[in-house]
Amino acid sequence: MTSIAVSTTINGDDVEFLCRADETLLDVLRNRLGLMGAKEGCGTGDCGACSTIMDGRVVCSCLVLGAETEGREIETIEGMANGSDLHPLQSKFIEHAALQCGVCTPGFLMAAKALLAAHPDPTEKEIRFWLAGNLCRCTGYDKIVRAVQDAAAEMRGEGT
Amino acid sequence: MRYERPGTIEDAVAMLAQASGRSFVLAGGTDLLVRMKSDDFDADLVVDIKAIPGMDEIAETADGFAIGAAVSCAELAENSALVSAWPGVVEAANLIGSTQIQSRCTMTGNLCNASPAADSVPALVAADARVRVIGPNGTRTISAQNIPVGPGKTSLEKGDIIDAILLARPQPRSGDAYLRFIPRTEMDIAVVGVAVNLTLGADGSVQTARVALGAVAPSVILSEEAARTLIGTKLEAAALGALEAACSAASIPIDDKRGTVAFRKQVAGVLARRAARIAYERAGGK
């Protein structure tokens, strides 16, 4: 199978890679680019552990072909913190202990980031529905929801 | 497997028409990529249509809306003119999958995947949606209802691509609605789905009705018997009772772990009654 040359933008950097036609964006991130933050849970779009942001929308990177990302802008968990300064969502996940094993966490953070970009002041119901495509088998969801609410407040300048 | 991203619909049609083995159209990929991961999946060619101009646009025309085949369901909800004209279609499309899936999935894909439980399909059929099909022998416009012919099977032929779903500008005093039953509150596949589209006369009585039932037959059912129960009524108790009975009778569902035949038939009637009320109110009825 011949390789496809793809030029894309990942976390603000121009990136070029080669991939096979049937390789997913998740495969490319993890196996070719060394970006291991996105996790493969189900591989079929049910669990959200591979969530990344493509052109501003959160997607399951297991359901995107690497070849499809030509000319797109991809954001992954690796681009979330600014150097050693954590994003408010990351800080609040730690503060609220909104994770245990951590496999679902990068996906939750990317999905929550997209949520707060679209809805800076979401209701609890909006948070729960928006994050319904992210599964956590450790903590349950309450701590995650509280962390997102708290981060949203901080990002709106309503320090808690 | 070969991946192609043509820049014109003519090239896309030619690639599909000339392909020797199995070939697939890729828009949102939320069904196709899942299938690609199964062991028995085999594709020689995948044609990504997203680089074709217009595919990702919702065009408002004199007749209504032309929704490009690559428009994501999330984008439908962001188009206020479409939401206002066809709220039932948009709410049905927005029930598919998660936020992540909404970012990618398309109504055209939902239609062509031909799942009996597809959420947007009953709403499209109730709305009398048409699709523009471009194939090796030119362009034709056909009813969306005629695309799925059974589980996983469509009436499309080799080389055919749906480039847009066409929705008419709604009549004055009309409204549509879609409801489904799932065991959870989100992220599930319809056990039953019902769409109702009504147009009222000046006196508030129903002039025309279209009632479509999903997940209760190999493909979507447009029930004329159910529609007739509403004509001339203002959705009085007797009319809603007749609608409920007609929808239950029209349903020919399967029995599986997600619902028995008796349950699905009953739920079809209940959802029809509720969806009819919502459509009636949206049409301005009281």
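This passage looks at the fold of chain A and then at the two domains of chain B, all in a predicted model.

Chain A mixes both kinds of secondary structure, with 5 helices and 5 strands. Read from the N terminus, its elements go β-β-α-β-β-β-α-α-α-α. Chain A turns out to be as compact as a globular protein of its length, because its radius of gyration, 16 Å, is close to the 15 Å that the globule rule gives for 160 residues. Boxed along the principal axes, the C-alpha atoms of chain A take up roughly 55 × 30 × 25 Å. As for burial, 44% of the 160 residues of chain A count as buried. Contacts across the sequence were looked at as well: of those in chain A between residues at least 6 apart, 58% join residues at least 24 apart.

Chain B is a two-domain affair in the domain assignment, which puts domain 1 at 2–168 and domain 2 at 174–282. Taken over C-alpha atoms, the centres of domain 1 and domain 2 of chain B sit 25 Å from each other. The two do touch: 25 residues of domain 1 of chain B are in contact with 25 residues of domain 2 of chain B. On the domain 1 side of this meeting point, α5 (87–93), α8 (120–126) and β8 (148–150) of chain B each chip in at least two residues. Sorted by class, that same side of domain 1 of chain B, the one touching domain 2 of chain B, comes out at 17 nonpolar, 5 polar and 3 charged residues.

Key
Residues are numbered from 1 along each chain as its sequence is written. Chains are lettered from A and ligands numbered from 1 in the order in which they are written. This is a predicted model: local features need pLDDT of at least 70, side-chain atom pairs count only at pLDDT 80 or more; totals for chains, interfaces and linings use all residues. Helices (H or I, at least four residues) and strands (E, at least two) are DSSP runs, numbered from the N terminus. The radius of gyration is taken over C-alpha atoms; the globule rule is 2.2 Å times the number of residues to the power 0.38. A residue is buried if 20 or more other C-beta atoms lie within 10 Å of its own, exposed if 12 or fewer, and partly exposed in between; C-beta atoms are placed from the backbone. Two residues are in contact if their C-beta atoms, placed from the backbone, lie within 7 Å. Domain bounds come from an automatic or database domain assignment. Ala, Val, Leu, Ile, Met, Phe, Trp, Tyr, Cys and Pro count as nonpolar, Asp, Glu, Lys and Arg as charged, and the others, Gly among them, as polar.
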